[in-house]
Amino acid sequence: MEYGSVLVFVILAFCLGAVLIMKKDTIPPKLKRGMAIIALTMILVAFFLIVYNLLTMGSSPNGG
C-alpha cells in the first residue's frame, strides 16, 4: 500500500475539518452543511485507513 498517499490524505482530511471548525462563522449557510458532510466522510475514511495500516503494519507486502 502507498503509505505516502495515505498520509497525505489523512493530513488533508484533518486540516479540512479543522478549517471548517475554525471558520464556521464565515462559511455561507448553503455551503456549510455539504462541506461538513464531505469533511466528516473524509475524516471517517482517514480513521479507517489509520486503523487498517496499524493492523497490517507487520505483514510483508508480497504475502510471504
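Trainee: Which helix is L16 found in?
Mentor: Keep in mind that this is a predicted model. Helix α1 runs over residues 3-22, and L16 is found in helix α1.

Trainee: Leaving aside its neighbours within four places in sequence, what is L16 in contact with?
Mentor: L16 is one of the α1 residues that meet α2. With the neighbours within four places in sequence set aside, the contacts of L16 are A39 and M42.

Trainee: Is L16 buried, partly exposed or exposed?
Mentor: Buried would need under 20% relative accessible area, and exposed would need over 50%. L16 comes out at 26% relative accessibility, so the label is partly exposed.

Trainee: How do the axes of α1 and α2 cross, and at what angle?
Mentor: Two packed helices are described by the angle between their axes and the distance between the axes. Here α1 (residues 3-22) and α2 (residues 29-55) have axes that come within 9 Å. The crossing is left-handed, and the angle is roughly 145 degrees.

Trainee: How many charged residues are there in the contact of α1 with α2?
Mentor: On the α1 side the contact includes Y3, V6 and F9, and on the α2 side it includes M35, A36 and N53. Sorting the residues of that contact gives 18 nonpolar and two polar, and the charged count is no residues.

Trainee: Which residues of α2 are buried?
Mentor: The cut-off for buried is under 20% relative accessible area. The buried residues of α2 pack against α1. They are A39, I43, A46, L49 and N53.

Trainee: What about V45, is it buried, partly exposed or exposed?
Mentor: V45 lies in helix α2, and its C-alpha is 8.4 Å from that of V10, 35 residues apart in sequence. Its relative accessible area is 37%, so V45 is partly exposed.

Trainee: What span should α2 have, and how far apart are its end C-alpha atoms?
Mentor: The expected span is 1.5 Å times one less than the number of residues. With 27 residues, α2 should span 39 Å, which agrees with the distance between its end C-alpha atoms, 39 Å.

Trainee: How many aromatic pairs turn up in the whole structure, and which one links distant parts of the chain?
Mentor: A search of the whole structure finds two aromatic pairs. One is edge-to-face, with F14 and F47 at 5.4 Å centre to centre and 80 degrees between the planes. F14 sits in helix α1 and F47 in helix α2, 33 residues apart, so the pair linking distant parts of the chain is F14 and F47.

Trainee: And are those two rings buried, partly exposed or exposed?
Mentor: F14 has 34% relative accessibility, so it counts as partly exposed. F47 has a relative accessible area of 46%, so F47 is also partly exposed.

Trainee: What is the geometry of the pair F48 and Y52?
Mentor: Being four residues apart in helix α2, F48 and Y52 are separated by about one helical turn. F48 is exposed at 55% relative accessible area, whereas Y52 is partly exposed at 39%. The ring centres are 6.2 Å apart and the planes differ by 20 degrees; planes under 30 degrees apart count as stacked, so this pair is stacked.

Trainee: Last one: is I21 buried, partly exposed or exposed?
Mentor: I21 is found in helix α1. I21 and G34 are 13 residues apart in sequence and 14 Å apart in space, C-alpha to C-alpha. With 60% relative accessibility against a cut-off of over 50%, I21 is exposed.

Methods. Residues are numbered from 1 along each chain as its sequence is written. This is a predicted model: local features need pLDDT of at least 70, side-chain atom pairs count only at pLDDT 80 or more; totals for chains, interfaces and linings use all residues. Side-chain values use heavy atoms; hydrogens and water are left out. Axes are lines fitted to C-alpha atoms, for helices over the stretch in contact, and angles run from 0 to 180 degrees between N-to-C directions. Helices (H or I, at least four residues) and strands (E, at least two) are DSSP runs, numbered from the N terminus. A crossing is left-handed if the near helix is turned anticlockwise from the far one by less than a right angle, and right-handed if clockwise. Contact means heavy atoms within 4.5 Å. Ala, Val, Leu, Ile, Met, Phe, Trp, Tyr, Cys and Pro count as nonpolar, Asp, Glu, Lys and Arg as charged, and the others, Gly among them, as polar. Buried means under 20% relative accessible area, exposed over 50%, partly exposed in between (1.4 Å probe, protein chains only). Rings of Phe, Tyr and Trp (its six-membered ring) pair if their centres lie within 6.5 Å; planes under 30 degrees apart count as stacked, over 60 as edge-to-face and the rest as tilted.
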